[in-house]
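Please read this briefing alongside the sequence and the three-dimensional view, taking one topic at a time and finding each residue as it is named.

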Amino acid sequence: MLLRIGCLAICLFTNVAWGKYASYKTYAGTVSLDLSANWIVTKNIWGLPLSFLGPMQTDGTRAALTIIGAKEKHTPIADISPKGAEIALKEYKAERTQWLSQKQATSLQYLPVEERKLEQGKMLVLGHVYEKRSRRYTQLTFKVLCQKQYYHAVALVPATSESYLGGIHTMMNGLKCL
């Protein structure tokens, strides 16, 4: 099912030094996140309307997190429950298998599905580690139901930026819908 989506991209590249909560509007609604004080804001990078960028790693890679808000109030994956987690993992693995084949990448590991409660909702976290062109990446997918609005977030973290994984989790755990 094609969803009309609004995108908000947030890229994490700096040391985990948190600033203040800031609000960002998507087509689906407004979200608030605790952002690092060292990030810069850019528009229309990677085909996404809004991005926050920090310093590039010495090898030219960056950790990135994109948040996409769906206009529809209900999506099949909005069922964030044990049964929903099972379905989401099955769909996630199928999508990843197809993507890996298209991009000539190799799957290394799927991470366990996590269910989390948020202040204003709940979230499923799925993860995958893969290798492409001799570089290892961790991809995290966050399926968030926040005040009856669905958000889908994806983090892509090169091996050289793995120290930012904790910060990505912290930011997503603090997500607020306004």
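Glu-114 is partly exposed, with 34% relative accessible area, and in this predicted model its side chain meets that of Arg-116 in a salt bridge, at 2.9 Å from N to O. Arg-116, by contrast, counts as buried, because its relative accessibility is 14% and the cut-off for buried is under 20%. This pair is one of three salt bridges that a search of the whole structure finds.

**The other salt bridges**

- The side chains of Glu-119 and Lys-176 form a salt bridge with an N to O distance of 3.4 Å. Glu-119 sits in the loop between strand S7 (106–118) and strand S8 (121–132), while Lys-176 belongs to strand S11 (residues 176–177), so this pair ties together parts that are 57 residues apart in sequence.
- Within that pair, Glu-119 counts as exposed at 64% relative accessibility, whereas Lys-176, at 21%, counts as partly exposed.
- Arg-136 and Glu-162 also meet through their side chains in a salt bridge, with 2.8 Å from N to O. Because Arg-136 lies in strand S9 and Glu-162 in the loop between S10 and helix H2 (165–173), the pair ties together parts that are 26 residues apart in sequence.
- Both partners are partly exposed, Arg-136 with a relative accessibility of 33% and Glu-162 with a relative accessible area of 29%.

**A buried charge without a salt bridge**

- Arg-96, whose place is in helix H1, is buried and yet has no salt bridge. The nearest side chain of opposite charge is that of Glu-95, which is 5.6 Å away, and a salt bridge is counted only within 4 Å, which means that this pair does not qualify.
- The side chain of Arg-96 does make a polar contact with the side chain of Gln-139, at 3.5 Å.

**The second largest pocket**

- Arg-96 appears again here, since it is among the residues that lie nearest the centre of the second largest pocket, together with Tyr-92, Glu-95, Lys-143 and His-152. The lining has 13 residues, and the space inside comes to about 230 Å³.
- Two or more lining residues come from each of helix H1 (82–103), strand S9 (135–146) and strand S10 (149–158), and H1 gives the largest share, with seven residues.
- By chemical class, the lining divides into five nonpolar, four polar and four charged residues.

**Two loop residues with a positive phi**

- Gln-104 is not a glycine, although it has a positive phi of about 55°. Its place is in the loop between H1 and S7, and it counts as exposed at 71% relative accessibility.
- Ser-134, which is not a glycine either, has a positive phi of about 65°. This serine is found in the loop between S8 and S9 and is exposed, with a relative accessible area of 70%.

**The chain as a whole**

- The protein chain contains two helices and eleven strands, and read along the sequence these follow the pattern β-β-β-β-β-β-α-β-β-β-β-α-β.
- Of the 178 residues in the protein chain, 49% are buried.

Note on methods. Residues are numbered from 1 along each chain as its sequence is written. This is a predicted model: local features need pLDDT of at least 70, side-chain atom pairs count only at pLDDT 80 or more; totals for chains, interfaces and linings use all residues. Side-chain values use heavy atoms; hydrogens and water are left out. On a 1 Å grid over the protein atoms alone, a cavity is a set of points where a 1.4 Å probe fits but cannot get out, and a pocket is an open set with protein on both sides within 12 Å along at least five of seven lines; lining residues have an atom within 4 Å of a point. Grid points are joined across faces, edges and corners, and a volume is the space filled by probe spheres set on the points. Helices (H or I, at least four residues) and strands (E, at least two) are DSSP runs, numbered from the N terminus. Ala, Val, Leu, Ile, Met, Phe, Trp, Tyr, Cys and Pro count as nonpolar, Asp, Glu, Lys and Arg as charged, and the others, Gly among them, as polar. Buried means under 20% relative accessible area, exposed over 50%, partly exposed in between (1.4 Å probe, protein chains only). Lys and Arg count as positive and Asp and Glu as negative; His and the chain ends are not counted. A polar contact is a pair of N or O atoms within 3.5 Å; within protein, one must be able to donate a hydrogen and the other to accept it, and residues adjacent in sequence count only if both atoms are side-chain atoms.
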